[in-house]
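Thank you all for coming. I would like to take you through one structure this morning, going helix by helix and then turning to a few places in the loops.

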Amino acid sequence: MELLLRSTRVVTPEGVRAAAVAVTGGRIAAVLPHGTEPPPGTPVEELGDDVILPGLVDTHVHVNDPGRAEWEGFATATRAAAAGGVTTLVDMPLNSIPPTTTVPHLRAKQAVARGRAHIDVGFWGGALPGNLDDLRPLHDAGVLGFKAFLSPSGVDEFPHLDRHDLDAVATRIAELDALLIVHAEDPDRLAGAPQRGGPRYADFLASRPRAAEHEAIAALVDVARRRGTRVHVLHLSSADALPLIAAARAEGVRITAETCPHFLTLAAEEVPDGATEFKCCPPIREAANRDALWAGLADGVVDCVVSDHSPCTADLKVPDFAEAWGGISSLQLGLSAVWTEARRRGRTLADVARWMSTAPAALAGLSAKGAVEGGRDADFAVLAPDETFTVDAAALHHRNPVTAYAGRTLTGVVRSTWLRGRKVTDHGTPLTGPPALTAPTGRLLER
Ligand SMILES: [Zn+2]
């Protein structure tokens, strides 16, 4: 035994209990009774009543490096993640240049991530019109699945799939028994919606109607049913689509869904006009929709809660919702934001651990992650669940200090984060990377 962590509240798959977690070789050796005395000389971390959660697994992060590293880079993103209790992130294939759509492009991303990652990092590949023959080599090279857009992505180098392309991609991915993850908005429904532009949030909301999500998810269900593909709905915003997803799953379609902290904690009625730090696509909808998304989580129709951290430089957040870059930065805040709202709604930390660690780890096939149990990696988020803090954007570790949560008071302070048995942050301060003496210790994960 190389380390023992002791707490009165350890979130395990069997429930929350007082326990001592024994770590050997970077893995959890066993979850033992709280009073267990380790062999003499073993370091013991006494955590009192602070909660040991499995380290969060955030499967939806846009790091943007190389190519748009001024938006976000691997060192800054993974430092922010670690400070927020995230121990694994999976990088999205777009907004970097090149996008992760061929094996050489994947290698370029891995080259910039190597030696800079404070936590473990995996990669999604991208499915575009025209890269069908790159999917198998990418799968063999270790990407965890493939992302596609059904409507314009916002960047020219990552075009969307039309219905014909979607069918071909879904067929190939089914042959690989891989996972297809989809930005589901229908381009014709978007084009048919009023596009007024300007600073009013209500106008922006009207430009991204619920029907666009519904129609694209229906097309995804259809192709998954016909081709047998395992599919996943990214950043579900419209709760209107919940019955559709539930019905598809009930008939055996292999479909899962995620939503994001901003859809669960923010509401359209509260977004100030011109406040484009709240812009994302699909958009934050009304408070009643937010309630319905919480019901979808409670019912198990929505599996995961992940950040969709998608930053840019501050100058791109112009006060016009049509012109501003879409993306909300919350990598460091997701756990506290979701817990603040979850506890208000009577949900538990076990629920939060399932939504933000266990389910995303399973989605990405990361069997060493996602739970505090013997055999898994010793990745932990240690949380003071009753303490509050006010978000100071300038104090966050991601590269550009812009966030929709600025000034909000959140409940749940991340005391420390542990990666494979090693403490990587202490009270939000990174312990690895400059100016610390030890190099970042994150690994690059492959399928
Ligand atoms: Zn995204």
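Let us begin with helix α2, residues 103-113, where His105, Leu106, Lys109 and Ala113 are buried; please keep in mind throughout that this is a predicted model. Those four buried residues lie on the same side of α2, because the arc they cover around the axis is only 105°. Turn to the other side of α2 and you find Pro104, Arg107 and Ala111, which are exposed. What do the buried residues of α2 pack against? Their partners are two helices, α1 (74-83) and α3 (132-141), together with the strands β7 (86-91), β8 (120-123) and β9 (125-126). After α2 comes Gly115, with a positive phi near 85°.

Helix α8, residues 242-250, can be read in a similar way. Here Leu242, Ile245 and Ala248 are buried, and since they cover an arc of only 135° around the axis, they sit on the same side of α8. Pro243, Ala247 and Ala250, on the other side of α8, are exposed. The cover over the buried residues of α8 includes α7, β12 (230-233), β13 (255-259) and α10 (287-299). Just after α8, Gly252 has a positive phi of about 100°.

Now, how do α7 and α8 lie relative to each other, roughly parallel or oblique? The axis of α7, residues 210-227, comes within 10 Å of the axis of α8, and the two cross at roughly 10°. An angle under 35 degrees counts as roughly parallel, and α7 and α8 are therefore roughly parallel to each other. In this contact His214, Ile217, Ala218 and Val221 of α7 meet Leu244, Ile245 and Ala248 of α8, and by class these residues are six nonpolar, one polar and no charged.

Helix α7 also has α4, residues 163-176, beside it, with axes that come within 10 Å and cross at roughly 40°, so that α4 and α7 are oblique to each other. The crossing of α4 and α7 is right-handed. On the α4 side the contact is made by Arg163, Leu166, Asp167, Ala170, Thr171 and Ala174, and on the α7 side by Ala219, Val223, Ala224 and Arg227. Sorted by class, the contact of α4 with α7 has six nonpolar, one polar and three charged residues.

Let me move to the loops, with one piece of background: most residues other than glycine have a negative phi, and most peptide bonds are trans. Asn95, in the loop between β7 and α2, is not a glycine and yet has a positive phi of about 90°. Asp177, in the loop between α4 and β11 (179-183), likewise has a positive phi, near 50°. Which of them is buried and which is exposed? Asn95 counts as buried because it has 25 C-beta neighbours inside 10 Å, whereas Asp177 has 10 such neighbours inside 10 Å and so counts as exposed.

As for the peptide bonds, the one from Asp65 to Pro66 is cis, with omega near 5°, and Pro66 lies in the loop between β6 (56-61) and α1. The bond from Cys281 to Pro282 is also cis, with omega near -5°, and Pro282 is placed in the loop between α9 (261-265) and α10.

Finally, Glu157, in the loop between β10 (146-149) and α4, touches Ile97 and Pro99, if we leave out residues up to four places away in sequence. Glu157 and Ile97 are 60 residues apart along the chain, and their C-alpha atoms are separated by 8.0 Å.

Definitions and conventions: Residues numbered from 1 in each chain as written. Predicted model: local features only at pLDDT ≥ 70, side-chain atom pairs only at ≥ 80, totals over all residues. Axes fitted to C-alpha atoms, helices over the stretch in contact; angles between N-to-C directions. Parallel < 35°, antiparallel > 145°, perpendicular 65-115°, else oblique. Contact = placed C-beta atoms within 7 Å. Nonpolar A, V, L, I, M, F, W, Y, C, P; charged D, E, K, R; others polar. Buried ≥ 20, exposed ≤ 12 C-beta atoms within 10 Å, placed from the backbone. Arc of directions from axis to C-beta. Left-handed = near helix turned anticlockwise from the far one by under 90°.
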